[in-house]
Amino acid sequence: MDVKQRCAEKALEYITEGSIIGLGGGSTIKHLITLINENKIYVKVVTPSWETKQHCIDAGLEVVSITDVSKIDTAFDGCDQVDEQFHALKSGGGIHSMEKLVAELSEEYILLVDKTKIVPVLTYDHPVALEVLPQALHFVNQKMKSFPARASHVRQSSGQDGPVYTGNGNLLVDVYMEAGQDGADLERRFKGMTGVVDTSLFTSVVTKVLVAGETGVQEMKKGGDVR
């Protein structure tokens, strides 16, 4: 059994019959969907991920729109990095604005990671992704000059000519930060720029982190201790 499957099995313990759960994307979440189906746990699923939605439908799970729920009991997601203060960075999928909405609606927002994703403080080896209104791109690029960034660029599509557009019709700007930046302050500054819908920094919504390793899955506490 690989570490992602172990992490999904541990996550199953946090799901109760009849609850509304939020699911992000990735292979660990796919394992979790399979386990929910195999254990015949009835849940309603909210997800911003197209791929996760298809996996849920294939598994026979009920998927509901985020507009139809006022709260989510527990949400599960992955990330590129999470530090000991539960500051997390996501960048790959470009659906972070909707993922953060799911997180804000959730009583519990639990990250499922392997131990390689844990760092004392965020290192910014991955870019911070900004969802930006197309009309505000020039303005945001000008404001970015005051940030300690090594580089930034509009994310380009690999399948067609031109930029990537989010499901909301906005652009993604990948910002490569200098190391040593305070995640919470950086998130606040980015979100304070007119035209930025949201960022892929999650510094105030994570409530639990489940860490999978060769010897099992442990819950990390703020400060870096695991139990």
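This is a short talk on a sheet, two helices, a cavity and two backbone oddities in one structure.

Okay, before anything else: what you're looking at is a predicted model.

Let's start with the sheet. It's an open one with four strands, in the order β10-β11-β9-β12, and the pairing is antiparallel. Which strands stand at the edges? Those are β10, residues 149-154, and β12, residues 196-199. Each of them has a single partner strand, so one side of each is left without a neighbour in the sheet. As for twist, neighbouring strands here are turned by 25° against each other on average, ignoring direction.

Zoom in on the β10 end. The partner there is β11, residues 171-177, running antiparallel to β10 and joined to it by five bridges. If you want a spot to click on, take H153, which stands opposite D174 in β11.

Now the helices. Helix α4, residues 96-105, lies across β9, β11 and β12, and helix α6, residues 183-191, also lies across β9, β11 and β12. What angle does each make with β12? For α4 we get about 70°, while α6 runs at about 165° to that strand.

Keep α4 on screen, please, as it comes back with the cavity. The structure holds one cavity of 30 Å³ or more, and the volume of the largest cavity is about 40 Å³. Lining that cavity are G22, L23, G24, P48, A75, F76, D77, E99, V102 and Y109. Which elements give two or more residues to this lining? They are β1 (20-23), β4 (72-77) and our helix α4. β4 gives the most, with three residues. By class, the lining has six nonpolar residues, two polar and two charged.

Last bit: backbone oddities. Two residues caught my eye, K40 and Y124. K40 isn't a glycine, yet has a positive phi of about 55°. You'll find K40 in the loop between α2 (27-38) and β2 (44-46). Y124, another residue other than glycine, has a positive phi near 60°. Y124 sits in the loop between β8 (118-119) and β9 (128-132), and that second strand, β9, is part of the sheet we began with.

So, buried or exposed: where does K40 fall? K40 counts as exposed, because its relative accessibility is 71% and the cut-off for exposed is over 50%. And Y124, is that one buried or exposed? Y124 is buried, with a relative accessible area of 0%.

That's my tour, thanks.

Notes
Residues are numbered from 1 along each chain as its sequence is written. This is a predicted model: local features need pLDDT of at least 70, side-chain atom pairs count only at pLDDT 80 or more; totals for chains, interfaces and linings use all residues. Side-chain values use heavy atoms; hydrogens and water are left out. Buried means under 20% relative accessible area, exposed over 50%, partly exposed in between (1.4 Å probe, protein chains only). Two strands pair if DSSP finds at least two bridges between them. Axes are lines fitted to C-alpha atoms, for helices over the stretch in contact, and angles run from 0 to 180 degrees between N-to-C directions. Contact means heavy atoms within 4.5 Å. On a 1 Å grid over the protein atoms alone, a cavity is a set of points where a 1.4 Å probe fits but cannot get out, and a pocket is an open set with protein on both sides within 12 Å along at least five of seven lines; lining residues have an atom within 4 Å of a point. Grid points are joined across faces, edges and corners, and a volume is the space filled by probe spheres set on the points. Ala, Val, Leu, Ile, Met, Phe, Trp, Tyr, Cys and Pro count as nonpolar, Asp, Glu, Lys and Arg as charged, and the others, Gly among them, as polar.
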